[in-house]
Amino acid sequence: MSSPVWILDPEKHPQREDYWGHVNPIGPRACYDEGKRVAETMCYAYAKQEHVEVRVARIFNTFGPRMHMNDGRVVSNFIMQALEGKPLTVYGTGQQTRSFQYISDLVNGLILLMNNNFSEPVNIGNPVEYTIMQFAEMIRDAVGSKEPILNLPKMEDDPQRRKPDISRARNYLGWEPKVPLDVGLNRTIEYFRKELDKSKKSRLVDL
């Protein structure tokens, strides 16, 4: 008997908060995907049982200074590869899309949500969609790298489209992202550049 074929792209695009999701419960991303879902379930069960208020933010891709240089995320991977003069590696065709928000926008959204009386889930993310290939090219150009962009085999269960509908955030919180992508990227690149220089100097001292 053949294994089932899981089609994991969102069934609705962009993703609203009333969309229940479409995930593989036994795939390589299962702990990540299902962990977020069960966390929401537990929050609302606790709120009902203990008669307390809860706030649930659904956070979409976020980047900015103080990210770990080797955390494996697409932003840090691309920046580190570009700064170290290595080819940027894109999984699959690079036509899969993501929506990236700068950290200060996320923090502002969370503060507004915590100070609001709206108790249903709220998407906090940037509704502007880019392909991963576009994002790699932006970072390579911002760093000034001349290295190529290499395509690696597609990762299993990697969603092909990801974009939040932020209507609730706009309507109930008066929130939307303010920091342009290029501004956020330049700030993050500068932080990584300084951290990389510190790391190199530290290794020289140890020698």
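The exchange below goes through helices, strands and aromatic pairs of a predicted model.

Colleague: Is helix α2 enclosed by the rest of the structure or exposed, and how many of its residues are buried?

Modeller: Helix α2 covers residues 74-83, and the residues that count as buried there are Val75, Ser76, Phe78, Ile79, Met80, Gln81, Ala82 and Leu83. The helix is therefore largely enclosed by the rest of the structure, the number of buried residues being eight of the ten.

Colleague: Which residue with a positive phi follows α2?

Modeller: The phi in question lies near 70°. The residue that follows α2 with this positive value is Gly85.

Colleague: Which side chains of strand β3 point to the buried face?

Modeller: Side chains alternate along β3, which spans residues 88-91. Thr89 and Tyr91 point to one face and are not buried, whereas the buried side chains, pointing to the other face, are those of Leu88 and Val90.

Colleague: Which residue of β8 stands opposite Val90?

Modeller: Strand β3 runs parallel to strand β8, residues 149-152, and four bridges join the two. Within β8, the residue opposite Val90 is Asn151.

Colleague: Among the aromatic pairs, how far apart in sequence are the parts that Phe100 and Phe135 tie together?

Modeller: The structure holds four aromatic pairs, and in one of them the rings of Phe100 and Phe135 have their centres 4.0 Å apart and their planes at 5°, so this pair is stacked. Phe100 lies in the loop between β4 and β5, while Phe135 belongs to helix α4, so the pair ties together parts separated in sequence by 35 residues.

Colleague: Why does the pair of Phe118 and Tyr172 count as stacked, and is Tyr172 buried or partly exposed?

Modeller: The ring centres of Phe118 and Tyr172 are 4.0 Å apart and the planes stand at 25°, so the pair is stacked, because planes under 30 degrees apart count as such. The pair links the loop between α3 and β6, where Phe118 lies, to helix α5, which holds Tyr172, across 54 residues. Phe118 counts as buried at 10% relative accessibility, whereas Tyr172, with a relative accessible area of 44%, is partly exposed.

Colleague: What accessible area do Ile103, Val107, Ile111 and Met114 have together?

Modeller: Ile103 is found in helix α3, residues 103-114, and is partly exposed at a relative accessible area of 31%. An α-helix has 3.6 residues a turn, so residues three or four places apart point the same way. Ile103, Val107, Ile111 and Met114 form a nonpolar patch on the surface, and their accessible area together is about 330 Å².

Notes: Residues numbered from 1 in each chain as written. Predicted model: local features only at pLDDT ≥ 70, side-chain atom pairs only at ≥ 80, totals over all residues. Heavy atoms only, no water. Patch = residues over 30% accessible without salt bridge, like charges linked within 9 Å, V, L, I, M, F, W, Y side chains within 5 Å. Areas by Shrake-Rupley, 256 points an atom, 1.4 Å probe, with all protein chains shown as cover. Salt bridge = Lys/Arg side-chain N within 4 Å of Asp/Glu carboxyl O. Buried < 20%, exposed > 50% of the residue type's maximum accessible area, 1.4 Å probe, protein only. Pairing = 2+ DSSP bridges. Phe/Tyr/Trp six-rings, centres within 6.5 Å; stacked < 30°, edge-to-face > 60°.
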